[in-house]
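Good morning, everyone, and thank you for making the time. Let me put the chain on the screen, and then I will walk through a few parts of it.

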Amino acid sequence: DEENFVDLKERARKLLDYIVERKEKRIIMVTHGIFLKMVVAYMLYGERLTASEYNNLSYFNPIDNAGMAIVSYTTYWLKKPEWKLIVWNDLN
């Protein structure tokens, strides 16, 4: 019983919800590449994310073993909060 696309997407949503509720200003997470790609894909597309879009993003945006991604979450007064991908696959 492997995790399917819907389950993986739901797990990414739950993680992002959890992170948003945290009080810390900086959080470090360690995960595997497939889940990292799903988290970033969910940040970009939200609930609109389809398996096809995820596959395209995953294929065209490879990440090396131990590659680092940096993201930010910004809240605004009059518009919806947003996630931003700042760094992808940094090996330094």
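I would like to begin with helix α2, whose buried residues are F35, L36, K37, M38, V39, V40, A41, Y42 and M43, where buried means under 20% relative accessible area, exposed means over 50% and partly exposed lies in between, with a 1.4 Å probe and protein chains only. Please keep in mind that this is a predicted model, in which local features need pLDDT of at least 70 and side-chain atom pairs count only at pLDDT 80 or more, while totals for chains, interfaces and linings use all residues. Residues are numbered from 1 along each chain as its sequence is written, and side-chain values use heavy atoms, with hydrogens and water left out.

What covers the buried residues of α2? The cover includes α1, α3, β1 and β2, and the names follow DSSP runs numbered from the N terminus, helices being H or I runs of at least four residues and strands E runs of at least two. The length of α2 can be checked as well, because its 13 residues, at 1.5 Å a residue, should span 18 Å, and its end C-alpha atoms are indeed 18 Å apart; the expected span here is 1.5 Å times one less than the number of residues. Just after α2, G46 takes a positive phi of about 65°.

Let me turn to helix α1, residues 5–21, where the same kind of check gives an expected 24 Å for 17 residues at 1.5 Å a residue, in agreement with the 25 Å between the end C-alpha atoms. The buried residues in α1 are L8, K9, A12, L15, L16 and I19. They cover an arc of only 120° around the axis, which puts them on the same side of α1, the arc being that of the directions from the helix axis to the C-beta atoms. On the other side of α1, by contrast, V6, K14 and E21 are exposed. The cover over the buried residues of α1 includes α2 (33–45), α3 (51–60) and β2 (82–90).

Now to the charged side chains. A salt bridge here is a side-chain nitrogen of Lys or Arg within 4 Å of a carboxyl oxygen of Asp or Glu, and by this rule the count comes to 5 salt bridges. In α1, which residues are linked in a network of salt bridges? They are E10, R13 and D17. R13 pairs with E10, with the closest N and O atoms 2.4 Å apart, and D17 meets R13 at 2.5 Å, N to O. The spacing along the helix fits this picture, because R13 and E10 are 3 residues apart in α1 and so separated by about one helical turn, and D17 and R13, being 4 residues apart, are likewise separated by about one helical turn. As a general point, an α-helix has 3.6 residues a turn, so residues three or four places apart point the same way. R13 is partly exposed, with a relative accessible area of 23%, and E10 is partly exposed at 30%, as is D17 at 39%.

Another salt bridge joins K84 and E82, with the closest N and O atoms 3.6 Å apart. K84 counts as partly exposed at 39% relative accessibility, and E82 counts as partly exposed at 25%.

Two further places deserve a brief word. M29 is found in the loop between α1 and α2 and is partly exposed, with a relative accessible area of 41%. Leaving aside its neighbours within four places in sequence, M29 is in contact with L15 and I19, contact meaning heavy atoms within 4.5 Å. N55 is found in helix α3 and is partly exposed, with a relative accessible area of 47%.

I will finish on the surface, where M68, I70 and I86 make a nonpolar patch of about 250 Å². Patches are made of residues with over 30% relative accessible area and no salt bridge, joining like charges within 9 Å and nonpolar side chains (Val, Leu, Ile, Met, Phe, Trp, Tyr) within 5 Å; the areas come from the Shrake-Rupley method with a 1.4 Å probe, and for residues only the protein chains shown count as cover. Within that patch, I70 has its place in strand β1, residues 68–74, and is partly exposed, with a relative accessible area of 35%.
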